[in-house]
Amino acid sequence: MPPVLDGLIPVFLVIALGWALRSTGFIAPAQWDGFERVTYYVLIPGLVITTLAMADLSKVPVATVGVALVTPVLIIGLPLMLSASLLQRICGIDGPAFTSVFQGALRWNSFVAVALAGALFGKDGVALTAVAFAVLIPLVNLMSAYVLARHGSSAKPLTPGGLALGLIKNPFIWSTLIGILLSASAMPLPKAIAGFGDVIGRSALAAGLLLVGSGLDLLNLRRPSLGLWIACGLKLVVMPTLGWLIGQHLGLSGTALAVPIICASVPTAAASYILAKQNGGDAPLMASIVTAQTLIAAVTMPLFLMLVAT
């Protein structure tokens, strides 16, 4: 079996396990809520901090990888924002539905990305994924917040202070900044702390994938809409194709090329549903997009990662 599939199959099996645990009612919904909070605010930040603190970022093409990560988002996101009204007329969708298509096209599931990068490339893969946290999360959050405020049915007006506070409170942002500062200080972590981080990291990857699976709802796919297919095509085909082409043009190879492709090819974030529900988006369409992309990505991601291996 190709190494890419060896790394991918366990990832999607854990996702499937999360779906089975949720759909059978083995774990109550209230327990999932607490599990999600611990994973989001404790386990994943712990993984990011310790991985970056022990990583030698001077040997990583951080700036080039950052360009390879950001450029596909801008190439897809800016035209979508500028052509919102035209797309709504062509596809027969309203403003809230457009916000869900937009989130589905741009947002990325960081749980899947960090788990897959770690499974395939170890600590170097996780460190480069943390670079993606630093550059993609603020950009995608800013763009999504604007689109929801502009086209959502009940979004509150944006304020610079409120948006900045939301970014600062994002655990992926502050944990990445802490990890980078520790790495730059060149201060070695005590062995006990490094061991603690290793345990936290392994727990974080499994917990994040279980949560992805727990959020899937196959019933949402009974009547797929044109908006759903547009979001899937942009996120799972166009985005990783751009990531691959741009990464090659910038001279990236190996892990430095694979990680941007992983971040580009993962399905949209499950948190998109919560944002849609709270900010006037089309929450049912968003749930359908999340589920469809997670299932389709099991096929498309190996294909794009095999491009790196060839």
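In the predicted model, Ser23 is partly exposed, with a relative accessible area of 46%. Ser23 belongs to helix H1, which comprises residues 3–23. Between Ser23 and Asp33 there are 15 Å from C-alpha to C-alpha, for a separation of ten residues in sequence.

Helix H2 covers residues 29–54, 26 residues for which a rise of 1.5 Å a residue predicts a span of 38 Å. The C-alpha atoms at the ends of H2 lie 36 Å apart, in agreement with that expectation. H2 nevertheless contains a kink of about 40°, and this kink is centred on Thr39. The loop between H2 and H3 contains Ser58. Ser58 counts as exposed, at 65% relative accessibility. Ser58 and Ala184 are 126 residues apart along the chain, and their C-alpha atoms are separated by 9.1 Å.

Helix H3, residues 62–82, consists of 21 residues. The distance from the first C-alpha of H3 to its last is 30 Å, close to the 30 Å expected at 1.5 Å a residue. A kink is also present in H3, of about 25° and centred on Leu74. The buried residues of this helix are Val65, Gly66, Ala68, Leu69, Pro72, Val73, Ile76, Gly77 and Leu80. In an α-helix with 3.6 residues a turn, residues three or four places apart point the same way. The buried residues of H3 pack against H4 (84–91), H5, H6, H10 (226–249) and H11.

Ile76, located in H3, has a relative accessible area of 5% and is therefore buried, the cut-off being under 20%. Beyond residues up to four places away in sequence, Ile76 touches Ala105, Leu106, Leu234, Val238, Met239 and Leu242. The C-alpha atoms of Ile76 and Phe102 are separated by 9.3 Å, with the two positions 26 residues apart along the chain counted as their separation.

Asn109 is situated in the loop between helix H5 (95–106) and H6. With a relative accessible area of 4%, Asn109 is buried. When neighbours within four places in sequence are left aside, the contacts of Asn109 are with Val212, Val266, Pro267, Thr268, Ala269 and Ala270.

The packing of two helices is described by the angle between their axes and the distance between the axes. For H6 (residues 110–151) and H11 (residues 255–265), the axes come within 9 Å and cross at roughly 70°. H6 and H11 are therefore roughly perpendicular to each other, since angles of 65 to 115 degrees fall in that class. On the H6 side, the contact is made by Ala113, Leu116, Ala117, Leu120, Phe121, Gly125, Leu128, Thr129, Ala132 and Leu136. H11 contributes Thr255, Ala256, Ala258, Val259, Ile262 and Cys263. By class, the residues of the contact of H6 with H11 comprise 13 nonpolar, three polar and no charged.

Ser203 is found in helix H9, which runs over residues 191–214. At 34% relative accessibility, Ser203 counts as partly exposed. Ser203 and Gln31 are 172 residues apart along the chain, and the distance between their C-alpha atoms is 17 Å.

Notes. Residues are numbered from 1 along each chain as its sequence is written. This is a predicted model: local features need pLDDT of at least 70, side-chain atom pairs count only at pLDDT 80 or more; totals for chains, interfaces and linings use all residues. Side-chain values use heavy atoms; hydrogens and water are left out. Axes are lines fitted to C-alpha atoms, for helices over the stretch in contact, and angles run from 0 to 180 degrees between N-to-C directions. Helices (H or I, at least four residues) and strands (E, at least two) are DSSP runs, numbered from the N terminus. Angles under 35 degrees count as roughly parallel, over 145 as roughly antiparallel, 65 to 115 as roughly perpendicular and the rest as oblique. Contact means heavy atoms within 4.5 Å. Ala, Val, Leu, Ile, Met, Phe, Trp, Tyr, Cys and Pro count as nonpolar, Asp, Glu, Lys and Arg as charged, and the others, Gly among them, as polar. Buried means under 20% relative accessible area, exposed over 50%, partly exposed in between (1.4 Å probe, protein chains only). The expected span of a helix is 1.5 Å times one less than its number of residues. The bend at a residue is the angle between axes fitted to the seven residues ending there and the seven starting there.
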